[in-house]
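Hi everyone, thanks for making time for this. I'd like to walk you through a structure that is new to most of us, so please have a look at it first.

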Amino acid sequence: MNKYCLYYFPPKSDPNLGDSLIVYFGGNLPTTRNEKGEGVDKLFNKDTLIGYLIHNFSSYCKIHVSGPIFLPNDEIVDLLNDILVNAGLNAIDYYDHSGFVIGEIIDKKPLKKSYLYEIDIDRKINVESTFDLDKGEKVVIALNGTYLMPGMMVNSFDIQGGIKSDGRICSNQDLIVAPLEEFFPIIVEGDNKNGDDFFKVERRESDA
């Protein structure tokens with residue numbers, strides 16, 4: 001779904017990465033080496049370029065985010081492209097969808113240690129989860145190809161009987177919703193439509 005993800009480490013949050021922003025497009029590949037640059041490092045998995053690390057990001061922009069930036073606005077992408085192009089690197093695309101959608105549970109079947117859910121996201125999909133949820137509840141689904149963070153992309157897998165998982169039911173930890181020491185599914189209230197982009201809904205409500 002998403003070609004890259006953005007992840008910001010605020011100042012003093014990490015002794016090595018504080019005040020850095022990662023632009024990551026390597027799927028589930030881990031970083032094995034850095035190639036230092038002037039203000040921007042290249043991140044590699046062996047010989048494959050998988051991302052960029054922008055140092056001292058607060059000198060370019062003050063943002064009140066710690067962790068993933070799920071739906072960057074055009075102004076952030078403009079700024080990042082200025083930084084990357086000035087460093088001789090490729091620009092990134094603009095986001096039009098976060099990859100996180102609102103879905104309604106319409107069927108539930110128990111598995112050995114989890115549940116198989118049929119979920120309406122304006123089309124029917126199958127998702128396996130350990131969360132014990134009820135029909136009619138609305139949850140947040142990270143679609144296949146969506147990043148939760150660098151090196152953690154949601155991928156399809158076989159559930160049983162040839163049925164494949166089409167996404168992940170998101171927890172509070174996935175979406176950075178406090179209290180992070182707990183672990184629970186995000187239940188969506190209100191009259192939002194199945195298939196709506198969760199972060200576009202959040203943005204509309206915060207702007208209201």
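Let me begin with a word on terms: two strands count as paired if DSSP finds at least two bridges between them. One thing to keep in mind throughout is that this is a predicted model.

Let's start with the sheet. In what order do the strands of the open sheet run? There are 6 of them, in the order E3-E4-E5-E2-E1-E6, and the pairing is antiparallel. At the edges are strand E3, residues 33-35, and E6, each of which pairs on one side only. If you turn the picture, you can look for the twist: neighbouring strands of this sheet are turned by 30° against each other on average, direction ignored.

Now zoom in on one pairing in that sheet. Strand E2, residues 20-24, and strand E5, residues 48-54, are joined in the antiparallel sense over 4 bridges. You can find Ile22 there, whose bridge partner in E5 is Leu53. Helix H1 packs on this sheet, and it touches strand E1 (5-9), E2, strand E4 (40-45) and E5. The direction of H1 makes about 105° with that of E5.

While we are around E4, let me point out Asn45, which lies in that strand. Is Asn45 buried or exposed? Its relative accessibility is 12%, so Asn45 counts as buried, the cut-off being under 20%. Leaving out residues up to four places away in sequence, Asn45 touches Leu29, Pro30, Thr32 and Ile50.

Helix H1 has an asparagine to show as well: Asn81 lies in it. Asn81 is buried too, with a relative accessible area of 10%. Not counting residues up to four places away in sequence, its contacts are Ala91, Ile92 and Tyr94. If you want a feel for distances, go from Asn81 to Gly195: they are 114 residues apart along the chain, and their C-alpha atoms are separated by 30 Å.

Next, the inside. Which residues touch the most other members of the largest nonpolar core? That core has 36 residues, and the ones to look for are Leu21, Ile54, Phe57, Phe100 and Leu175. The elements giving two or more residues to this core are E1, E2, E5, H1, strand E7 (100-110), strand E10 (138-143) and H2. The largest share, 6 residues, comes from H1. Take Leu21 as an example: beyond its neighbours within four places in sequence, it is in contact with residues including Leu6, Tyr7, Ile54, Phe57 and Leu80. There is another core apart from this one, with 13 residues, among them Val101, Ile105, Tyr117 and Leu143.

Let's move on to the aromatic rings. How many aromatic pairs does a search of the whole structure find? It finds 12. One of them is Tyr7 with Phe9, a tilted pair at 5.0 Å centre to centre, with 50° between the planes. Both Tyr7 and Phe9 are buried. And why is the pair of Phe70 and Phe199 called stacked? Their planes are at 15°, which is under the 30 degrees that the term asks for, and their ring centres are 4.6 Å apart, so the pair is stacked. This pair links distant parts of the chain, 129 residues apart: Phe70 is in the loop between strand E6 (67-69) and helix H1 (74-86), while Phe199 belongs to helix H2, residues 198-207. Phe70 is buried at 11% relative accessibility, and Phe199 is buried at 15%. Ring pairs also join Phe70, Phe100, Phe198 and Phe199 into a cluster.

Rings can have charged neighbours as well. The charged end of Arg33 sits over the ring of Phe44, 4.2 Å from its centre. Lys108 does something similar with Tyr115, its charged end sitting over that ring at 4.6 Å from the centre.

That brings us to the last stop, E7 and E8. Strand E7 pairs with strand E8, residues 115-120, in the antiparallel sense over 6 bridges, and the two form a hairpin with 4 residues between them. Here Lys108 stands opposite Tyr117 in E8. E8 then pairs with strand E9, residues 124-129, also antiparallel and over 6 bridges. In that pairing, Asp120 stands opposite Lys124 in E9. E8 and E9 form a hairpin with 3 residues between them, and Asp122 in the turn has a positive phi of about 80°.

How values were computed: Residues are numbered from 1 along each chain as its sequence is written. This is a predicted model: local features need pLDDT of at least 70, side-chain atom pairs count only at pLDDT 80 or more; totals for chains, interfaces and linings use all residues. Side-chain values use heavy atoms; hydrogens and water are left out. Rings of Phe, Tyr and Trp (its six-membered ring) pair if their centres lie within 6.5 Å; planes under 30 degrees apart count as stacked, over 60 as edge-to-face and the rest as tilted. Buried means under 20% relative accessible area, exposed over 50%, partly exposed in between (1.4 Å probe, protein chains only). A charge sits over a ring if NZ of Lys or CZ of Arg is within 6 Å of the ring centre and within 35 degrees of the ring normal. Axes are lines fitted to C-alpha atoms, for helices over the stretch in contact, and angles run from 0 to 180 degrees between N-to-C directions. Contact means heavy atoms within 4.5 Å. A nonpolar core is a set of buried Ala, Val, Leu, Ile, Met, Phe, Trp, Tyr and Cys residues joined through side-chain atoms within 4.5 Å.
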